[in-house]
Amino acid sequence: MKSSRKNIHKGQLLKTQVESKGISVTKLVEKAGFSRSSYYNHINDPGLSIDILLQYGKILGVNFIEFLEEYIETESSDLQYIYQNSSEPETLDESKRQTQFWKNKYLELSEKYQVLLELQLKQK
């Protein structure tokens, strides 16, 4: 599994887009209705709210939903791993690897589900 897909840092996504647009933080937060200190808290928050991202996105002209949809897509390498490792483990190490894989998969899917729920609520 790729670590970049495993856990998207929404705050860093915001920071990257702000830097690429070259807009000053002062102007951005003024237009978005946040304080400078809130902005710095936002860019350090890996679980930054979709609502906040979308608010910044309006000012930046960035559709953050596109980035998050990319994150939500499943890669075939995950599916291959699941099919290859769906049998009973024969060793303790194999059992530990499978347990860790399923734990990570559960957390990843929980995050994706949360993103989808937030997007659905935002569209209502």
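## Helix H5 and its ends

Gly61, just after H5, takes a positive phi of about 75 degrees. This is a predicted model, in which local features need pLDDT of at least 70 and side-chain atom pairs count only at pLDDT 80 or more, while totals for chains, interfaces and linings use all residues. Residues are numbered from 1 along each chain as its sequence is written, and side-chain values use heavy atoms, with hydrogens and water left out.

H5 covers residues 50-60; helices are DSSP runs of H or I with at least four residues, numbered from the N terminus. Its buried residues (under 20% relative accessible area, 1.4 Å probe, protein chains only) include Ile50, Leu53, Tyr56 and Leu60. At the N-terminal end, Ser49 acts as a cap, with a side-chain oxygen 3.1 Å from the backbone nitrogen of Asp51.

## Gln55

Gln55 lies in helix H5 and is partly exposed, at 33% relative accessible area (the class from 20% to 50%). Gln55 touches Ala32 and Phe34, leaving aside residues up to four places away in sequence; contact means heavy atoms within 4.5 Å. The Gln55 side chain reaches the backbone oxygen of Ala32 at 2.6 Å. From Gln55 to Lys31 the C-alpha distance is 9.5 Å, across 24 residues of sequence.

## Aromatic pairs

The whole structure holds 4 aromatic pairs. Rings of Phe, Tyr and Trp (its six-membered ring) pair if their centres lie within 6.5 Å; planes under 30 degrees apart count as stacked, over 60 as edge-to-face and the rest as tilted. Phe101 and Trp102 pair edge-to-face, with 5.0 Å between centres and 80 degrees between planes. Phe101 is buried at 9% relative accessibility, whereas Trp102 is partly exposed at 41%.

Phe34, Tyr39, Tyr40 and Tyr56 are linked by ring pairs into a cluster.

Notes:
Helix = DSSP H or I, 4+ residues; strand = E, 2+ residues; numbered from the N terminus. Polar contact = N/O pair within 3.5 Å; in protein donor to acceptor, adjacent residues only side chain to side chain.
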